[in-house]
Amino acid sequence: QNAVNPLEGDLGTCILQSKGDNRKMSIPKVIHYCWFGRGEKSELMQKCISSWKEYCPDYKIIEWNEDNFDINFCPYSAKAYEERRYGFLSDAARLWIIYQYGGIYLDTDVELLRSLDDLLGYEAWFAYGRATEINTGSGFGANKGNEFVKKLLDQYMSFSSTVKFEVCTVLDTQVFHKNFPDFAANHDVRQEYNGIIIINDIWRY
């Protein structure tokens, strides 16, 4: 399968000023989401995607699916697709996508209540899902080639085809603990490490 790159020659460099802040925006105004399996999107999902367009009207929105993404890019993703475990496929795919292109990833059940512009000045941002666990499905963003996103991705790339599936909140949070000894797994604490910010959740940052 030859995947078609929807961003090739179309992204460019995004250097803007966020409101009330001198920090240059390093994260491009692109929202990525995954939709594997060719199923119909529910009314809730359509409502959530509409909220992205409402609060981020000048962002490019990209759907990644079987037609434009190499589902066999690693054994973990290939196994997930073969077994129709599309959520686990998305766990790995979104890290590859953000590492390769930069931008913001949102799951299709994430509804925005405000613009994401204020988060674009960081090298990367992540959000909690549960009280003590990072959830990249709830939303995260990074610049292209971000070194920490690469560390998250490398974990999935290292898995063999016989590995048991594990939820991303467990896998990704353990990478945070490994790389940031002072990381406080506490939903109520806003943290920043070397240009990476961790917000309590995407709905109330």
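**Exercise 1. A salt bridge across the chain**

Task: Aspartate 117 forms a salt bridge with lysine 29. Find how far apart the closest N and O atoms are, and place both residues in the chain.

Solution.
- This is a predicted model.
- Start with the gap. The closest N and O atoms of aspartate 117 and lysine 29 are 4.0 Å apart.
- Place the acid. Aspartate 117 sits in the loop between strand E3 (103-105) and E4.
- Place the base. Lysine 29 belongs to the segment before strand E1 (30-34).
- Look at the separation. The two residues are 88 residues apart, and the pair links distant parts of the chain.
- Check burial. Both aspartate 117 and lysine 29 are buried.
- Widen the view. Lys29, Asp58 and Asp117 are linked in a network of salt bridges.
- Search the whole structure. The search finds 8 salt bridges.

**Exercise 2. Two further salt bridges**

Task: Describe the pair aspartate 67 and arginine 38, then the pair lysine 150 and aspartate 154. Where does each residue lie?

Solution.
- Take aspartate 67 and arginine 38. Their side chains meet in a salt bridge of 3.1 Å, N to O.
- Locate them. Aspartate 67 is in the loop between strand E2 (60-64) and helix H2 (75-82), and arginine 38 is in the loop between E1 and helix H1 (43-55), so the pair ties together parts 29 residues apart in sequence.
- Assign exposure. Aspartate 67 has a relative accessible area of 45%, so it is partly exposed. Arginine 38 stands at 54% and therefore counts as exposed. The cut-off for exposed is over 50%.
- Take lysine 150 and aspartate 154. Here the salt bridge is 2.8 Å, N to O.
- Locate them. Both lie in helix H4 (residues 147-157), 4 residues apart, about one turn of the helix.
- Assign exposure. Lysine 150 is partly exposed at 28%. Aspartate 154 is partly exposed at 34%.

**Exercise 3. The inner face of H4**

Task: List the buried residues of H4. What covers them?

Solution.
- List the residues. Phe148, Val149, Leu152, Leu153, Gln155 and Tyr156 are the buried residues of H4.
- Look down the axis. These buried residues fall within an arc of 145 degrees, so they line one face of the helix.
- Find the cover. It includes H2, H3, E4, strand E5 (140-142), helix H5 (168-179) and strand E7 (196-199).
- Inspect the start of H4. A side-chain oxygen of asparagine 146 comes to within 3.0 Å of the backbone nitrogen of phenylalanine 148.

**Exercise 4. The same analysis for H2**

Task: Which residues of H2 are buried, and what follows just after the helix?

Solution.
- List the residues. Tyr76, Ser77, Lys79 and Ala80 are buried in H2.
- Look down the axis. The arc is 165 degrees, so the buried residues line one face of H2.
- Find the cover. It includes H3, H4 and H5.
- Step past the end. Just after H2, arginine 84 has a positive phi of about 60 degrees.

**Exercise 5. Cores**

Task: How many residues does the largest nonpolar core have, and which helix gives the most to it?

Solution.
- Count. The largest nonpolar core has 42 residues.
- Find those with the most contacts inside it. They are Phe69, Tyr76, Phe126, Phe148, Tyr156, Phe176 and Phe183.
- Name the helix. H3 (residues 86-101) gives the most, with 8 residues.
- Look for another core. One of 21 residues lies apart from the largest core, with Met25, Ile49, Ile104 and Ile197 among its members.
- Zoom in on tyrosine 76. Leaving out residues up to four places away in sequence, it touches Phe88, Ala92, Tyr156, Phe159, Val163, Phe165, Glu166 and Leu171.

**Exercise 6. Alanine 124**

Task: Is alanine 124 buried or exposed? What does it touch?

Solution.
- Place the residue. Alanine 124 lies in strand E4 (residues 124-127).
- Read its accessibility. The value is 0%, so alanine 124 counts as buried.
- List its contacts. Beyond residues up to four places away in sequence, alanine 124 touches Ile27, Gly141, Ala142, Asn146, Gly195, Ile196 and Ile197.
- Compare sequence with space. Alanine 124 and phenylalanine 140 are 16 residues apart in sequence and 7.4 Å apart from C-alpha to C-alpha.

**Exercise 7. The whole protein**

Task: How many helices and strands does the protein have, and in what pattern?

Solution.
- Count. There are 5 helices and 7 strands.
- Read along the sequence. The pattern is β-α-β-α-α-β-β-β-α-α-β-β.
- Gauge burial. Of the 205 residues, 50% count as buried.
- Gauge contact range. Among contacts between residues at least 6 apart in sequence, 72% join residues at least 24 apart.
- Gauge the surface. The protein exposes about 10,100 Å², with carbon and sulfur atoms supplying 45% of it.

Key: Residues numbered from 1 in each chain as written. Predicted model: local features only at pLDDT ≥ 70, side-chain atom pairs only at ≥ 80, totals over all residues. Heavy atoms only, no water. Core = buried A, V, L, I, M, F, W, Y, C linked by side-chain atoms within 4.5 Å. Buried < 20%, exposed > 50% of the residue type's maximum accessible area, 1.4 Å probe, protein only. Contact = heavy atoms within 4.5 Å. Arc of directions from axis to C-beta. Polar contact = N/O pair within 3.5 Å; in protein donor to acceptor, adjacent residues only side chain to side chain. Areas by Shrake-Rupley, 256 points an atom, 1.4 Å probe, with all protein chains shown as cover.
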